[in-house]
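Here's a quick briefing to read alongside the coordinates. Have the viewer open and follow along.

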Amino acid sequence: MSPRRTEIGGRIDRLRTIRFTFDGAPYTGHAGDTLASALLANGVTLFGRSFKYHRPRGLLAAGVEEPNALVTVLRGEVREPNIAATMVEIYDGLVAVSQNRTPSLAWDISAINQLGGKILSAGFYYKTFMGPVIGPLKGTRFWMFCEHFIRRAAGLGKAGTAPDPARYERMNAFCDVLIVGSGPAGLMAAKAAADQGARVILADLEANFGGSANWSGETIDGMPAADWALRTVGQLEGNDNVRLLPRTTVWGYYDGNTLAALERVTDHKEVAAKGEPRQRYWAIRAGTVVLATGSFERPLVFPGNDRPGVMLAHAAERYVNEYGVLPGQRIALFTNNDSAYRSAVAFKKAGAAVVAIVDVRSDVSNEMRRLASEAEAELLAAHAVIATEGGKGLTGLKVQRFDAMSGALSGDERSIHADSLLMSGGWSPTIHLASQAGAKAEWDPARQAFLPPKPTQRWPNQQWVGAGAFTGGFSTAEAIAEGRAVGLQAAGGAVSSAPLPVVEVAPGDPDPAPVFEIKAKGKSFVDFQHDVTAEDVRLAHREGFVSVEHLKRYTTLGMATDQGKNSNVPGLAIMAEALGKPIPEVGTTRFRPPYTAVSIGSLAAERFGDLKPERLTPMHDWHLANGARMYSAGLWYRPMIYGLAGETVEQAYVREAKATRESAGIVDVSTLGKIAVQGPDAAELLDRVYTNMFSTLAVGKARYGLMLREDGLAFDDGTTWRLGDQEFLMTTTTANAGKVMQHLEYFLDVIWPELKVTVTSVTDEWAGAAIGGPNARAILASCVTGTAVDNATLPFMGIVHGRIAGIPVMICRLSFSGEMAFEVYSGAGYGTHVWEALIEAGKPFGLVTYGLEALGTMRIEKGHVTGAEIDGRTTARDLHLDWMLSKKKPFIGSAMMDREGLIGSDRLELVGVIALDNRALNGGGHIVEELDEANPHGSLGHITACCYSPALGKYIALALVKGGKARHGTRAFVSDPLRNRFGPIEIVSNHFYDPDGSRMHG
Amino acid sequence: MAEYSAFSLLKNALTGNKDWKPAWRKPDPKASYDVIVIGGGGHGLSTAYYLAKEHGITNVAVLEKGWLGSGNVGRNTTAVRSNYLLPQNTRFYEHSMKLWENLSHDLNYNVMFSQRGCLNLAHTPAQLDDYARRGNAMRHLGVDAELMSVDRIKRLVPALDVSGSARFPVLGGLMQPRAGTARHDAVAWGYARGADRRGVDIIENCEVTGFLRDGGRITGVTTTRGEIRAKKVALAVAGSTGQVMQLAGISHMPIESHVLQAFVSESLKPVVDTVLTFGMGHFYISQSDKGGLVYGGDLDGYNSYAQRGSLPIVDEVMSEMVALFPGLARVRMLRSWGGLCDMTMDGSPIIAAGPLPGMYLNCGWCYGGFKATPASGWCFAYTIAKDEPHEFNAPFTLDRFYRGLIIDDKGQGATPRLH
Amino acid sequence: MLITCPYCGPRDVIEFTYQGDGNRERPQPASQNLDAWNAYVYDRLNPAGDHNEIWQHSGGCRAHLRVVRNTITHEILSTAFARGGHKSADNRAEGRS
Amino acid sequence: MAEQHLPERQSPLEPEYHPGSHGNFEHGVDVILSETRPGSILQLAAWPGEEKRLIEIIRKVAGLALPDGAGGGVSSGARAVFGFAPGKFTVVDEAEGLAQAFAGSITPAIGTLTDLSHGRTAIRIAGPKAEWVMAKFFAIDFALPAFPLGAGRSTNHHDVFAQIQRSGADQFDIYVFRSFARSFWKALCHASEEVGYEVQ
């Protein structure tokens, strides 16, 4: 029997024993235990070390707000750091380790930081480490030297580097009513809404539905509240229109009633089933949200309140009633409100001695006095705890008389022997989601709490209603009544007068005394994890950091993993007192997503391990099977080279380009953007979007076109084919296909709705193969049927229809390589058939397949531009494409393209570059007039693309250079300090090869 | 006011930290000033600081509608770098970098500027060339930049997936070693304290509600704390620029206000020792001294003043993060927030006199404002004091859009969400 | 954020592409008024409040929508096809007629 | 008229198409995945005001009577049609050659016809967990009242654009761009592992 496990009670399965380890030591617990409850049952009191002072810490809470007991869960090499032990359900083989301690939790060397004490106050780092003004440690060096050690001392858990093997998934859900929280209010709301026929989702972050019913010890409808909850859940389970999501934290409330939730699907299992995700990310679009999120109990701020053994009273009640674990044998309570008295009775019933109830109030009601006697506890009204004793576990406490009005202590100190001190500083509704939705909380002076606002304050696009402790009604009877009412309201049902479940009335006044801090000697913690003390808050006040945001940022109050769930209100209260203002005038922070920390893998969801889809051309598998090395271009994969054994990339592309220019080559151009432009006004649209004229283009002909942006800069280029009077096939660059499509759609929809034109992406409809070279026509002639391909039938920029291997194809004679070349288009499903037929037909001619490198090489030789030159900063003139700017008609960009900044003489213009030292150039190398390798300066421009030109036998490049054409024939230098490439170059025309185009015109 | 030092810390500790004084005064506004700076964020405060320090103009008020530093200076991902493509930007940001390097001494306030480098990952050969172009451009202006091999990257950031099997394998990167991070709030507080020590009045909870005019000239402002006159009125209000300009009767600006989300993880032992960016999406990450991973991505992509983001961007940023760091999938996002970005039509800022007589404008920081804080204030102070721009901010005029003198580092044109 | 496409119904913002200020007026194509062109390309109203803007349902029917949206609350007050003839977001059937 | 003597079109899914049961199927499969490989996939678009005439042509040529309303559609075994955008419809036929059948009817005065038979890949998901698996990808409501039988939807999963028709109470036909089809198919199989799936 574990030392602290009760004989009976709790909702654990005592027949099932679970084995796990913590910091290497083996332990056992029961099914239904959390790591926290199981370790507590084993007598463990020390769970973690605090962030700054490395103080020993035990459990403060039993739920999601736990700030101290953070552990790392290990699954083999895979680490999950900073998990609250209270949220880890134990399973056989669970391995958990403590954090932020060296060498061990019990003996942590960094605890020496505590000696720093008052120096390590808020703002410490800002005031020192500036270092010397002169010498080797001037500038930032001294700080960076210190920072090295500070960083290693800071931080909580250690992240892993082994890739997480788990699966994450997204689920899109829609419902009429989403209920967050499954306590009595949430259950009633779910039941009421479901009974109306609404689509309901009920989510709770705990493993078991029921909320406070699971530990309150109350009676509902004559049965234990926990059994009532079970029964209600059973009724919901049978409903087709209800989805129950246990272990699901609704963490974000976004616009349009979109809520984000995290379901921990297999975290509590030893192994996941096949295909089962570790966590599932629910994106829920809800008609109405019912917030039944309950409330948090607040700690009290007093010296020694962080000692292991000091715990929240309701948390202890949960350990007793839900897990069958007593936090101690001799329990003292310290409270400013009535709720702790019920807890005292529970502890007594579970077999502990309740040695004292220390209540800051003098006027304790008779009902509470009765409960105190029922618990056989000494009631110390008008008293306060002023110190705690013990090392890594509590041994006792000191109390003194206390005046709640003035906060003054008086009389003799008295010591009380206890191994557990349970505190209750009042309750704060869990308003985080409402706050995320934009609601501004209102301070309720009676409840001493921020309550959700009235509905009128809500953002108009968020639909939520609240019920239960969330609204500040802290009794179960209120929760049940409100829950049903809002459930009906959310589902559009009528108000019901049917009887409600009967709750045995829990006595007590929900209003606490406005006491947050006991000022006595010693460190009193407000933010436990971050070691922010009441004195730190007062120091912030003295230094003028008085607004709530300054307080947070200066002291780090509320910035720890619990995000202020424990510290927010006490911190505000202490600042308010220092300022002499009421709490609401200090303000409250707006809560932002997430409510609790969310694993990054779960947010990546199905994209973890699969960031982007792969886009493949119809001939992709052929390329792979035939030695292509693939290049990732946007989402596409394209052959870069078809390397032979032992070839370098340069050798391969030179071979491919050479063979193309000498005989013939073929390249897959299926990735080019293709847009069907159809309708009576198709030609008119093209005249407006292209700088040159298309309405004059004959059917069966193609034309090269240039588009500008509205601001007059170059946008995209490509050929457009006129397939019919009202039907064009526009091609775009691969990279800009989507942008051009949106550009056309925008103008058709928004600017020129009168034009009757349909634009459709047909990129994927067509497989494209470009075949070029002196023998290209002969190859086509040998395999194309149904049409001739001679110069008369298929002139430059002409289009014919025919068949290859029986498959219908469309052939356009156009050239990017500068050779006699043709683009052969076929239905994508036949792409490989046609490709293979062309390869076969090309065999007698030594046809080569070539990739992007050779394609790029031939285009550089021709001086054609691509995205490297049309980079969003260049104009048509910069690229010497001004011959394409029609003067006969306006077009997109025509009015803006001649502004002063776009026609200046110092603009970068396209030129050709030849390396005079016969060494390779690099893309991104700069061009200078004077070479200065030590202090490069005076950049004239840069290289946009480069290659070894087999046609010229030289290393050449295209470049954008100031002065442009005026520099043709002059010498300059390439200056590429990043790759240590310096050397002489000649600037020439960008048209290196066959400038008059005789080869392609044939 | 006392200097901050290790000695002052020790002395105060011995007296129970009872003697610390406010970091800056909380004065009531005077009837008139030589210069009013609207906006108590990083840029406004640094402007006031340099007006006093560099130009001896100390009769200055900084007006802040909320609490000091409540805007983007306390809502950013703290990266400091000068790794731009275009020379106008590089020169300006490099000037900022030099001010950063001595800022803690200058302010007697540790802004924790940590020069741990900024590494842009490249994933295709074309991208590597593109980065080389930028790195070389920097080197030709005397700014540090180097290309990093995959091996060096792996050693620098062991948690990074540099395997060839990644969807977008890392092929190398562009490193600026002098880049880094700073503690954002400390920058606001340090400048505030520095300006205050030189006599500047920093007036919080003072919202400008209108402008006072004499003919066409701006002569002061009306505020929630009364009328305040000034010889010169300078705006440094970032995302609120459009709103404040409307008070001056200027309804249209080359600016859209967008929301940018940022994220921080739970605190971890050191795992990312530099500022890292992903090349096949939009993602950047660093780790704070407290151990939280600080990261972000794209704008949400629509006009917003809400300082609240939407889910798709959250998902996108996280997806890119675990694509780079598949070992960090179980690390948890702790906090998210939204900042308001004044996005211009070319992605570059505006620091200029005008557009009305007596008015000076500093805006359009897109999401690069934090690293600009020192140079922005320095150049703005120069422009205010001398009524002409310094050469560093001379290109950043308001009329450059009309004139076509655009400074478009990303080449995206007049689509602010893409800058 | 959910935007109600007049054709597709309410859809997540992830399906839409923002196309900016819908108040801008494009000058006539042949207009030589450079100030008007500059204003159209570069100047924005950028209000904190209700904003008339253009969105494309790029991940759906690809229609452009004229949306009135509050930039402070993100509340969407109305949506309609940017193209004339289809006005209301309330009646999905109208999208086809 | 269907094309004569043409080889079978290549499927973009081929190397990743593995007939048989997969994933968590020991207790039976909850979805069945298949590529339906229709011979014809057409996009028909009507100019504003001409929609009713186009709908009438569809009825005459394809024998499919479109129900009223945006995104309305009907599926009749070999043929299916649905609206996916204002004035725009996708028409699908098992057989090739549907484009020729429409060619004469859709005059410039009415609208346009675009043949996408190669450019779109049709994937079918059927079974009791079809809605569950679909909801992993698309942010639209797949519940029957919200997405009735025969109806069509245009949506996307990140970069992958999709048109979806509900062709049965628990059956959906998904039309994706051919170049994305293999990636999407792999993702669909991966997501179906949880419920167990069969490729037919």
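Let's start inside chain D: five residues of its domain 1 are in contact with eight residues of domain 2. On the domain 1 side of that contact, strand 10 (residues 160-168) of chain D gives the most, with three residues. Sorted by class, that side of domain 1 of chain D comes out as one nonpolar, three polar and one charged residue. Keep in mind that what you're looking at is a predicted model.

**Chain D and its two domains**

- Domain 1 of chain D is pieced together from three stretches of sequence, 14-37, 120-148 and 159-200.
- Domain 2 of chain D takes in residues 39-116.
- Measure from C-alpha centre to C-alpha centre and you'll get 24 Å between domain 1 and domain 2 of chain D.

**How far to trust it**

- Chain D has an average pLDDT of 95, and 98% of the residues score at least 70.
- For the complex, the predictor reports an ipTM of 0.96 along with a pTM of 0.96.
- A general reminder: where pLDDT is low, don't read the predicted coordinates in detail.

**Chain A on its own**

- Chain A runs to 1002 residues, and 62% of them are buried.
- Its secondary structure adds up to 25 helices and 51 strands in chain A.
- If you're setting up a box, the C-alpha trace of chain A spans about 110 × 75 × 55 Å along its principal axes.
- Take the contacts in chain A between residues at least 6 apart in sequence, and 66% of them turn out to join residues at least 24 apart.

**Where chain A touches chain B**

- How many residues of chain A are in contact with chain B? There are 92 on the chain A side, and they meet 88 residues of chain B.
- Helix 4 (residues 141-153) of chain A gives the most to the chain A side, with six residues.
- The class split for the side of chain A that touches chain B is 36 nonpolar, 31 polar and 25 charged residues.

**A strand pairing across the two chains**

- Strand 31 (residues 598-599) of chain A pairs with strand 16 (residues 332-344) of chain B.
- The sense of that pairing between strand 31 of chain A and strand 16 of chain B is antiparallel, and it covers two bridges.
- Which residue of strand 16 of chain B is the bridge partner of A:Val598? Look for B:Met333, which sits opposite A:Val598 in that bridge.

Conventions: Residues are numbered from 1 along each chain as its sequence is written. Chains are lettered from A and ligands numbered from 1 in the order in which they are written. This is a predicted model: local features need pLDDT of at least 70, side-chain atom pairs count only at pLDDT 80 or more; totals for chains, interfaces and linings use all residues. Two residues are in contact if their C-beta atoms, placed from the backbone, lie within 7 Å. Helices (H or I, at least four residues) and strands (E, at least two) are DSSP runs, numbered from the N terminus. Ala, Val, Leu, Ile, Met, Phe, Trp, Tyr, Cys and Pro count as nonpolar, Asp, Glu, Lys and Arg as charged, and the others, Gly among them, as polar. Two strands pair if DSSP finds at least two bridges between them. A residue is buried if 20 or more other C-beta atoms lie within 10 Å of its own, exposed if 12 or fewer, and partly exposed in between; C-beta atoms are placed from the backbone. Domain bounds come from an automatic or database domain assignment. pLDDT is the predictor's confidence in each residue, from 0 to 100.
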